[in-house]
Amino acid sequence: MSHLIFFDDDKWKSILPLTYLKPACELRVGILTIAEKWKLLFDDATHGYITNDYLSHKYKISLEDTNIAINGRLLPNANVISLIKRLQPNQGLLYQDIFIGGILSKEQFDIENQDIHIDDMEMIDISSYDSRDLIFVERPQDLFLFNSSEIVKDYNLVTQGKKSATLNSTNRTYGLEKIFVEEGAKVDFSILNASDGPIYIGKDAVILENSVIKGPVCIGDNAVVKVGAKIYQGTTLGPYCKVGGEVKKSVFQGYSSKAHDGYLGDSVIGEWCNLGADTNCSNLKNNYSEVKTYNYKSKEFELTGLQFCGIILGDHCKTGINSMFNTGSVVGVSSNLFGASFPPKFIPSFSWGGSEGFETYTFAKAMDTINRSMQRKGLRLSHDEIEILKFVFEVSKQRRSWEVS
């Protein structure tokens, strides 16, 4: 059995705030996380991580005599898998100075410093390789940009050799052969249109009456689509998400809720978020110009090349009722937002407030809210998760301008 080691390279900062609490490979795009895709394509391989030091107590490294190192930002496909499987020990792949992966011995890993020794490896340069087969997650918005195509790829991967459960006669379907329903899912009195792409409905998911779903779409395990919801193509609801209203081309990582009316488009919502009733985001500027978003690495707003871009919401964020967000807004981890009018387009982690101003969401209060939220699903923060959040609270002080003297 293959043993994979997913490593974070120096571009992880450009994916913040989504990578504050997890390695890049644990981000969901399509139906599966990046790590889950690779593991399935390597026949249910075992795995470990090389990541930021503060994450390493939760995301541990485990080594075998022979290990396949994989860049955690790289989305797999058949061609890349074939290249990696042809490698010999101590060989690696390089694409435009980016280390993609290779076959390494146990001795080539520096566990203490969370590093890989590749200087003496034989590198095979594939810079001339078709870039369409080498898709990296470079920034948060890539998750919704790649989501439709990744749903299609993952759909073929996770349904291969399996038979769909049967939808009952209360539903109306188009393209039924591209609709897959896992065991235990309940779908009633809804419209499912897979004519433009597949619809995947996970185990024990629930789709309530009068919902309209237009594929490609993923409704993850135990997710709930509320009455009358409109779920457009390119949308993923991760496990245990609860979503209503209108959603287009957006990725919910997992355990998050947007249970009421309101519009969300071209967006990424982290884990354990809750969007209050009638929370809305703009995904198109009034003058139709190119959207700028905040980049954590450059510490500046940068042009995205996109006309449509909604909100990037970090893990454990909450919004009050009637919250509004400008085009291209970025919100850090564990922020609690409320009030009338639009807040700033960049909101640092552990912020409390809205358009009328912010104060620091104290660590103790934030942890209390997070645990209350998780307890509703029978879960609780682990010691390692608390330490990770404590680290992020400290490093994000420099971005909370009201704390800087």
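**Close-ups of a predicted model**

**View 1. Strands S1 and S3 side by side.** Strand S1 (residues 3-7) and strand S3 (residues 66-71) run parallel and are joined over 4 bridges. Look for Ile 5, which sits opposite Ala 69 in S3. This is a predicted model, so keep that in mind for every view here. On S1, 5 of its 5 residues are buried, so the strand is mostly covered. His 3, Ile 5 and Phe 7 point one way from S1, while Leu 4 and Phe 6 point the other way, and all are buried. That fits the usual pattern: in a regular strand, side chains alternate between the two faces of the sheet.

**View 2. S1 with its other partner, S2.** S1 also pairs with S2, again in the parallel sense, this time over 5 bridges. Here the residue to find is Phe 6, whose bridge partner in S2 is Tyr 49.

**View 3. The mixed sheet as a whole.** Zoom out a little and S1, S2 and S3 turn out to belong to an open sheet of 6 strands, ordered S2-S1-S3-S6-S5-S9, with mixed pairing. Strand S2 (46-50) and strand S9 (122-125) are the edge strands, each pairing on one side only. From one strand to the next, the twist averages 20 degrees. Between strand S5 (91-95) and strand S6 (98-105) there is a loop, and Gln 96 lies in it. Gln 96 has a phi near 50 degrees, a positive value in a residue other than glycine.

**View 4. Helix H1 between sheet and helix.** H1 lies across S1, S2 and S3, running at about 155 degrees to S1. Helix H1 (residues 34-41) also packs with helix H4 (residues 147-159), at an angle of about 40 degrees and with the axes 11 Å apart. The two helices are therefore oblique to each other, and H1 passes H4 in a left-handed crossing. From H1, the residues in play are Lys 37, Leu 40 and Leu 41; they meet Glu 150, Asp 154, Leu 157 and Val 158 in H4. Sorted by type, the residues of this contact come out as 4 nonpolar, no polar and 3 charged.

**View 5. The parallel sheet.** Another open sheet of 6 strands runs in the order S11-S14-S17-S20-S23-S26, with parallel pairing. Strand S11 (172-174) and strand S26 (263-265) each have a single partner strand, so one side of each is left without a neighbour in the sheet. Within this sheet, strand S14 (residues 191-193) and strand S17 (residues 212-214) run parallel and are joined by 3 bridges. Leu 192 has Ile 213 in S17 as its bridge partner.

**View 6. Two cis peptide bonds.** The peptide bond from Leu 16 to Pro 17 is cis, with omega near 5 degrees. Pro 17 belongs to the loop between S1 and H1. The bond from Gly 215 to Pro 216 is cis too, with omega near 5 degrees, and Pro 216 is in the loop between S17 and strand S18 (217-219).

**View 7. Loop residues Tyr 255 and Gly 276.** Tyr 255 is in the loop between strand S24 (251-254) and strand S25 (257-258). Though not a glycine, Tyr 255 has a positive phi of about 60 degrees. Its relative accessible area is 22%, so Tyr 255 counts as partly exposed. Gly 276, in the loop between strand S28 (274-275) and strand S29 (280-281), is buried at 13% relative accessible area. Leaving aside neighbours within four places in sequence, Gly 276 is in contact with Thr 319, Gly 320 and Ile 321.

Conventions:
Residues numbered from 1 in each chain as written. Predicted model: local features only at pLDDT ≥ 70, side-chain atom pairs only at ≥ 80, totals over all residues. Heavy atoms only, no water. Axes fitted to C-alpha atoms, helices over the stretch in contact; angles between N-to-C directions. Parallel < 35°, antiparallel > 145°, perpendicular 65-115°, else oblique. Left-handed = near helix turned anticlockwise from the far one by under 90°. Contact = heavy atoms within 4.5 Å. Nonpolar A, V, L, I, M, F, W, Y, C, P; charged D, E, K, R; others polar. Pairing = 2+ DSSP bridges. Buried < 20%, exposed > 50% of the residue type's maximum accessible area, 1.4 Å probe, protein only.
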